[in-house]
Amino acid sequence: MYKEMFDLSGKVAIVTGSSRGIGEAIALAYSEFGAKLVLASRKLEGLNTVREKIESSGGEAICIPTHMGDPTSIENLVAETMKYFGTIDILVNNAATNPFFGPTIEASESVWDKIIDVNLKGAFLLTKAVGKIMIEKNEGCIINICSEAAIRPMPGLGVYSISKAGLDMITKVFAQELGQYGIRVNGIAPGLAQTKFSKALWGNEEIKKMVVSRLPLGRIAQPHEIAGTAVFLASRASSFITGHTIVADGGSLVS
Ligand SMILES: NC(=O)c1ccc[n+]([C@@H]2O[C@H](COP(=O)([O-])OP(=O)(O)OC[C@H]3O[C@@H](n4cnc5c(N)ncnc54)[C@H](OP(=O)(O)O)[C@@H]3O)[C@@H](O)[C@H]2O)c1
């Protein structure tokens, strides 16, 4: 009985930013637990590689190239998913961008627009569109990949931190409003994980040493270490949890 609580058999899951990194790990994990995947990011090549991995282990996935900063592209993602699978059970808002590293006072308006458009507005628009489909079904799970930076601003990543704090509130607002329809909305706030996104941090020996030295677990995360929490939050194992963000930071916030 308890093993089945984690089962995602037959569920249709959209994972944005699933061509690599944390999004890829979540997509692979969902597939292993039985879900059918909609892989979405800008570039088809990376998505196809993940689709092939899923198919070679007996799973099912389609790729829909999507730009999370473009409302038309987001509409297309939902329309194509509905055309192919006819429903959406799980949404993971994972795609994010950060084109700027430095003092926030130097961040340009265009940097602000890009980060907020992709990390915040994109997640808002996709949550609205998918939320309407889930309301019809009276069930669904939405998971936002937030960040430790939403809780404690990351030096050099000011606008990004602001966008993630906003995503945290998207989680709470939609959890409050959609709970009555059986829809749960939760978040995951990873600490530093070894992906392309954060290479400027872990790829610099000095910065990595500094980060690791104050982490209770004494190391940074690998992408698959975030996937288990995503399975938990998408499954019946977390059926009474909504409106929360689980921090997966190797103990960073207690250091
Ligand atoms: N790595 C960390 O240390 C860390 C820590 C805390 C939180 N996070 C969060 O974890 C999530 C995943 O990041 P990651 O570390 O796994 O990064 P990653 O390996 O660089 O992957 C980012 C993914 O997002 C996609 N993407 C980027 N811009 C996009 C856009 N405008 N529209 C659609 N897709 C887009 C990328 O594919 P395309 O290039 O094909 O679009 C890729 O699939 C992000 O929300 C990030 O903020 C990461």
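**Salt bridges, strands and ligand contacts**

Visitor: At 38% relative accessibility, what does E55 count as?

Guide: In this predicted model, E55 has a relative accessibility of 38%. Buried would require under 20% and exposed over 50%, with partly exposed in between. The value for E55 falls between those limits, so the residue counts as partly exposed.

Visitor: Which side chain meets E55 in a salt bridge?

Guide: The partner belongs to helix α2, as E55 does, and the two residues lie 4 apart, about one turn of the helix. That partner is itself partly exposed, at 21% relative accessibility. The N to O distance in the salt bridge is 3.0 Å, and the residue that E55 meets is R51.

Visitor: How many residues apart in sequence are the parts tied together by K53 and E24?

Guide: K53 and E24 form a salt bridge whose closest N and O atoms are 2.4 Å apart. K53 lies in helix α2 (residues 44-56), whereas E24 lies in helix α1 (residues 21-32), so the pair ties together parts separated in sequence by 29 residues.

Visitor: Which residue of the K53 and E24 pair is buried?

Guide: K53 has a relative accessible area of 38%, which makes it partly exposed. Its partner has a relative accessible area of 14%. A buried residue must be under 20%. The buried member is therefore E24.

Visitor: What is the distance between the closest N and O atoms of E148 and R152?

Guide: E148 is buried, with a relative accessible area of 6%, whereas R152 is partly exposed at 30%. The two residues form a salt bridge, one of 6 found in the whole structure. The closest N and O atoms of E148 and R152 are separated by 3.5 Å.

Visitor: Which residue in β4 is the bridge partner of I14?

Guide: Strand β1 (residues 12-16) pairs with β4 in the parallel sense over 3 bridges. In β4 (residues 90-93), I90 and V92 point one way and L91 and N93 the other, and all of these are buried. The β4 partner of I14 is L91.

Visitor: Which residue in β5 stands opposite I90?

Guide: Strand β4 and strand β5 (residues 140-145) run parallel and are joined by 4 bridges. I90, which is buried and points the same way from β4 as V92, stands opposite C141.

Visitor: What share of the ligand's exposed area does the protein bury?

Guide: The ligand is surrounded by 29 residues, of which S19, R42, N94, Y160 and T195 are the closest. Side-chain N or O atoms of Y160 and of T195 each lie 2.5 Å from a ligand oxygen atom, and a polar side-chain atom of R20 lies 3.1 Å from a ligand oxygen atom. Taken alone, the ligand exposes 880 Å², and the share of this that the protein buries is 97%.

Visitor: About how much accessible area do I151, V247 and L253 have together?

Guide: I151, V247 and L253 form a nonpolar patch on the surface. L253 lies in the segment after β7 (245-248). Patch residues need over 30% relative accessible area, and L253 is partly exposed at 32%. Together, the accessible area of the three residues is about 210 Å².

Key: Residues numbered from 1 in each chain as written. Predicted model: local features only at pLDDT ≥ 70, side-chain atom pairs only at ≥ 80, totals over all residues. Heavy atoms only, no water. Patch = residues over 30% accessible without salt bridge, like charges linked within 9 Å, V, L, I, M, F, W, Y side chains within 5 Å. Areas by Shrake-Rupley, 256 points an atom, 1.4 Å probe, with all protein chains shown as cover. Salt bridge = Lys/Arg side-chain N within 4 Å of Asp/Glu carboxyl O. Buried < 20%, exposed > 50% of the residue type's maximum accessible area, 1.4 Å probe, protein only. Near = heavy atom within 4 Å. Polar contact = N/O pair within 3.5 Å; in protein donor to acceptor, adjacent residues only side chain to side chain. Pairing = 2+ DSSP bridges.
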